[in-house]
Amino acid sequence: MPATAGPRLLLKRMHDIMVERISPQLRLDKIVQLIASNMVAEVCSIYLAKPGGWLELFATEGLNKAAVHKTRLKMGEGIVGDVALNGRPLNLSDAPAHPSFSYRPETGEDPYQSMLGVPILRGPRAVGVVAVQNRTHRHYGEEEVEALQTIAMVLAEMVVSGSLVDLGEIDAGPKRDRPWRGQGVPFCEGIAMGRAVLHEPRVKVEKLIADDVVVERQRLDAAIAELRDSLDAMLASEDTVITGETRDVLEAYRMFAHDRGWLTKLREAVASGLTAEAAVERVQNDTRARMARLIDPLIKERLHDLDDLANRLLRHLTGKADTSAHEALPADTLLFARTMGPAELLDYDRTKLRGLVLEEGSPTSHVAIVARALDIPVVGRIENVLEQVEAGDWVIADGDTAEIHIRPAHDVREAYRHKLALRAQRQAAFAAMRTQPSITKDGERVRLLMNAGLLADLPHLEETGAEGIGLFRTELHFMISSTMPRLKNLVDLYTAVLDGAAGKPVVFRTLDLGGDKVLPYARPLPEENPAMGWRAIRMTLDRPALLRYQIRALLKAATGRDIDLMFPMVAEVAEFRAARALVDRELERIAQMKADPPRKVRVGTMLEVPALAFQLPALLSSVDFISVGSNDLMQFFFASDRGNPRLGGRYDLLSPPMLNFLKGIVDASRARGVPVTLCGEMAGRPLEAMALIGLGFRSLSMAPASIGPVKQMLLALNTGKLASSMSDLYDRSEHSLREQLKQLAINERVPV
Ligand code: PEP
Ligand code: MG
């Protein structure tokens with residue numbers, strides 16, 4: 001008999017048994033009989049998982065029938081337990097000699113020497129084991145192992161569908177019907193509540209046994225060809241914004257889609273009598289079982305890719321879309337994905353998107369940057385979350401505590417409803433202040449600006465009532481693009497930003513690359529201290545073509561209107577002058593070409609390297625404005641890495657040396673009449689913002705969500721009183737002035 005005809009015939013007979021009107025036990029008995037005779041084995045037994053980590057003999061042909069529902073093994077115990085625990089077959093010509101062998105006299109298995117045990121897998125977990133035994137020292141051939149695996153897969157479906165046994169009797173794997181709580185890493189703050197949507201929807205394979213093997217083979221081949229074409233198209237597409245990570249994954253997919261080993265396994269599974277979908281699932285089961293056993297993260301990652309690719313192939317076979325982006329979404333959608341690219345997230349209807357939950361990723365990943373711009377909470381790195389969630393489940397994602405609740409109990413839901421209501425009240429209070437001028441109690445105007453970096457940030461200008469964009473981080477767009485953006489693309493983007501700002505000022509910061517801001521399409525240069533390395537203005541002055549090209553795009557976008565440009569990481573006046581000369585050259589070029597120039601160009605600098613503060617007279621006579629970047633300034637001032645959590649609370653911005661330093665900058669700028677803004681994260685924290693206003697700052701730029709709380713604080717502030725109370729603090733020698741400042745706020749009833 002040809003190797004593949006056996007299982008095909010067997011599958012057909014199994015199908016016949018399934019439709020017979022008989023009791024589940026009799027069905028099981030008939031199935032073991034059928035398998036034994038088909039595989040020319042003297043014994044065939046089925047063990048199924050019971051709650052508590054047991055495997056119980058449910059049916060046997062060849063062993064003592066009296067042992068059925070009596071013989072039990074712990075997961076990992078005996079050969080059967082070993083097969084179940086490790087999720088892989090054991091093919092033994094001398095089973096009693098195997099170290100896992102556990103003798104069970106009641107089964108009467110003494111005479112049998114050889115044994116082939118195969119796990120009945122559901123996802124990565126075994127819900128049982130099917131085993132055949134022979135008296136002789138038989139070595140089961142590869143085709144036989146494959147055939148038994150195919151049978152096991154069909155058995156798995158029968159088991160979990162409840163058609164073989166009562167599901168209450170067995171442990172059929174993780175039930176996605178109980179509350180589940182997971183802990184991850186906060187990527188983006190906020191709370192979201194709603195219904196789960198799987199970014200890559202699962203495909204449920206309904207039909208396992210093929211009616212016509214030839215047709216199934218054709219379907220499989222056609223789907224593989226389609227899959228390859230779609231991957232090629234995605235990788236070749238210039239329009240698709242694919243980041244480096246996504247590109248790497250797609251490249252891996254493409255490699256696997258041409259992998260002969262994988263294709264052979266799929267075709268063999270079809271040849272054994274499975275439908276094309278079932279064949280994909282059958283091979284996928286092996287991958288998952290291998291994944292579960294692996295420790296090496298790199299190999300695991302690749303198997304993960306292979307698993308994803310199998311999902312894609314399944315979707316090609318069933319005609320389902322690759323992602324849920326264009327499906328009908330629930331009004332409150334919480335998106336679940338293993339990982340995703342920024343462009344994929346932007347594909348979703350933003351009016352319905354409430355939150356994002358990722359199994360992997362990092363807070364600095366591009367999708368997190370985009371999610372922040374969209375103002376949706378993100379929780380990342382939650383192990384196995386995709387295994388636990390079902391599309392349509394009720395879910396809560398807490399981006400503040402990085403907790404995620406799937407199918408939460410009533411009281412958890414209520415607690416979160418309460419939390420959300422409080423938040424909404426606060427948001428409503430902030431929204432009500434949106435149009436109120438930001439003037440302190442003693443009549444001082446403080447400009448509140450917002451930080452941005454993507455087009456998606458623009459609506460926040462209107463929502464928050466920010467007076468403009470104090471810092472537009474242009475590198476973000478470069479970071480989320482798959483290839484170096486073209487001039488036209490940049491002109492369009494900057495034009496859209498200026499249009500979106502509708503006359504409110506926008507300060508564009510030129511590319512601040514390097515450090516942790518790497519371009520997916522540039523080769524990273526290994527550096528010992530990237531934060532202090534070849535980054536930002538240093539890189540762009542050494543390679544001026546890039547900076548000129550960006551400046552050209554910015555000036556073109558600003559034709560006929562005002563534009564503010566500034567440079568990052570300037571450490572000396574000479575660097576600023578060199579960068580400004582590039583702007584002047586581009587302006588000359590516009591004049592030579594007789595094109596329309598911007599109405600007004602103001603050129604300023606970030607002040608985030610302490611050295612620049614020691615050249616203030618020269619600097620202030622060269623710039624149109626300065627913007628203090630307290631994030632970097634702090635790290636260089638205290639020599640304390642801004643990204644190192646161990647140093648997180650070590651030094652305080654609200655300390656005498658830092659406040660003195662900032663005061664020197666603000667005093668000098670104001671004396672010279674040069675506008676000064678502070679655009680680091682500290683500007684967005686009410687207590688810190690209060691201290692900055694006390695120092696003399698009258699312009700702050702912050703994350704959009706901070707505008708409300710900061711405005712609420714400053715409306716209650718008396719700047720004259722604050723400045724005089726703070727004057728006593730500068731000479732103190734404490735580690736921090738936080739407590740004293742808090743006390744000042746309490747005394748004056750300033751909400752911080
Ligand atoms: C800063 O350093 O304070 C700043 C605003 O720039 P970034 O956070 O982009 O480095
Ligand atoms: Mg900086």
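**Exercise 1. Find which backbone atom of N631 meets ligand 1, and add the side chains that do likewise.**

Start at N631: a backbone N or O atom of this residue lies 2.8 Å from an oxygen atom of ligand 1. That fits the cut-off for a polar contact, a pair of N or O atoms within 3.5 Å. Next, take R473, where a polar side-chain atom lies 2.8 Å from an oxygen atom of the ligand. Then look at R642: an N or O atom in its side chain is 2.8 Å from an oxygen atom of ligand 1. Finally, zoom out to the 14 residues around the ligand (those with a heavy atom within 4 Å); R473, R509, G629, N631 and R642 come nearest.

Before you go on, note that this is a predicted model, with local features needing pLDDT of at least 70 and side-chain atom pairs pLDDT 80 or more, while totals for chains, interfaces and linings use all residues. Residues count from 1 along each chain, chains are lettered from A and ligands numbered from 1 as written, and side-chain values use heavy atoms, without hydrogens or water.

**Exercise 2. Describe how α16 packs on α18.**

First, locate α16 at residues 487-501 and α18 at residues 544-557. Their axes sit 8 Å apart at about 45 degrees, which makes the pair oblique (not under 35, over 145 or 65 to 115 degrees). The crossing is right-handed. Among the contact residues (heavy atoms within 4.5 Å) are L487 and Y494 of α16, plus Y549 and R552 of α18. Sorted by type, the contact has nine nonpolar, two polar and two charged residues.

**Exercise 3. Do likewise for α23 and α26.**

Helix α23 (residues 686-695) meets α26 (residues 738-747) at about 85 degrees, axes 10 Å apart. That makes α23 roughly perpendicular to α26.

Notes:
Axes fitted to C-alpha atoms, helices over the stretch in contact; angles between N-to-C directions. Helix = DSSP H or I, 4+ residues; strand = E, 2+ residues; numbered from the N terminus. Left-handed = near helix turned anticlockwise from the far one by under 90°. Nonpolar A, V, L, I, M, F, W, Y, C, P; charged D, E, K, R; others polar. Polar contact = N/O pair within 3.5 Å; in protein donor to acceptor, adjacent residues only side chain to side chain.
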